[in-house]
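Biologist: I've got a model open and I'd like to go through its labels with you. Can we start with whatever surrounds the ligand?

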Amino acid sequence: MSEQGLIAAASIELASGRRMPILGLGTWQARGRSALSAVLRAFEIGYRHVDTATVYGNEEQLGQAVAESGVPRAEIFVTTKLPPSRAGRERATLEDSLDALRLGYVDLWLIHWPPGGLARPDVWEQLLELQAEGLAREVGVSNYSVRQLDELERATGRLPAVNQIEWSPALFDRSVLEAHRRRGVQLEGYSPLKTMNLRAPQLVRIAGAHGVTPAQIVLRWHIEHRIVAIPKSTNAERIAENAAIFGFELTPSDVEHLDRFAETQPE
Ligand code: A2P
């Protein structure tokens, strides 16, 4: 399969049976023309998954890119997020997002942060309601703790499809990963690169052994763990670099080293 085909086809199965591309383009802090050209470039390369949020202020550019790309809607996976400040105005917020995105539904809609630091099952109920109406195919949360996931389930009988949290080898916590697995909640990691020292010697060594870049090793590590990764870039070369991770594999020993990355960093 071509590199482009590989990026598009690499996906994980959510609890519902629906599939989600394992690699997406992050767009936090991408604005205006640079957001538009980044998303267009990503679609050209073969990305089929883009992550945004109401607060990113770039849903309109993303919508324009989807429309201009010529990629069929059904092949694209779009995530956006409800700001905690809009708790209580869920429907209006999602309708605004859909207008800006020029879409009839989003693939995944997340509560961006626990509102006021609380799980807020009442807000979660609204997401479930809007999902039932077809405005979001999947619903989930972001920046929730495992206890807060359980609180949502206790109150509504429904777990989020996805919890999007900050994640990288530097932040790896096996117990958090396993807690998500046991519940059937897909872990999606944000800031895979920003949270890493890409010049760390053991990362550079592993990258050298595979003939790839440290950033590619970090992203491939997510794939080996079946964790969705959404590296952000507005730079055409780095957008391509971040997707060229399907032609090699890490060894079990590489993965183990990276899992212990935090322990091996100088204080
Ligand atoms: P840029 O947009 O100029 O490429 P994260 O997704 O972890 O939050 O990281 C985003 C940051 O990492 C951005 O500043 C982005 O800058 C930079 N970045 C993205 N891809 C790479 C890469 N392959 N190598 C180094 N830095 C990268």
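Modeller: Sure, and keep in mind that this is a predicted model. There are 14 residues around the ligand, and Leu193, Lys194, Lys232, Ser233 and Arg238 come nearest.

Biologist: What makes a residue count as near the ligand?

Modeller: One of its heavy atoms has to lie within 4 Å of the ligand. That shell splits into 5 nonpolar, 5 polar and 4 charged residues, and α10 gives the most to it, with 3 residues.

Biologist: Why is the pair between Asn242 and the ligand called a polar contact?

Modeller: A polar side-chain atom of Asn242 is 2.8 Å from a nitrogen atom of the ligand. The cut-off for a pair of N or O atoms is 3.5 Å, so this pair is a polar contact. Glu241 passes too, because one of its polar side-chain atoms lies 3.1 Å from a ligand nitrogen.

Biologist: What about Thr234?

Modeller: There a polar backbone atom is 3.0 Å from an oxygen atom of the ligand. That is within 3.5 Å, so the pair counts as well.

Biologist: How much of the ligand does the protein bury?

Modeller: Alone, the ligand exposes 570 Å², and the protein buries 77% of that.

Biologist: How do you know where the ligand sits?

Modeller: The test is whether more than half of its atoms lie within 2 Å of a pocket's grid points. The ligand is assigned to the largest pocket, so it meets that test there. This pocket has a volume of about 540 Å³ and is lined by 27 residues, including Trp28 and Ser191.

Notes: Residues numbered from 1 in each chain as written. Predicted model: local features only at pLDDT ≥ 70, side-chain atom pairs only at ≥ 80, totals over all residues. Heavy atoms only, no water. 1 Å grid on protein atoms, 1.4 Å probe; cavity = no way out; pocket = protein on both sides within 12 Å on 5 of 7 lines; lining within 4 Å. Points joined across faces, edges and corners; volume = space filled by probe spheres on them. Polar contact = N/O pair within 3.5 Å; in protein donor to acceptor, adjacent residues only side chain to side chain. Areas by Shrake-Rupley, 256 points an atom, 1.4 Å probe, with all protein chains shown as cover. Helix = DSSP H or I, 4+ residues; strand = E, 2+ residues; numbered from the N terminus. Nonpolar A, V, L, I, M, F, W, Y, C, P; charged D, E, K, R; others polar.
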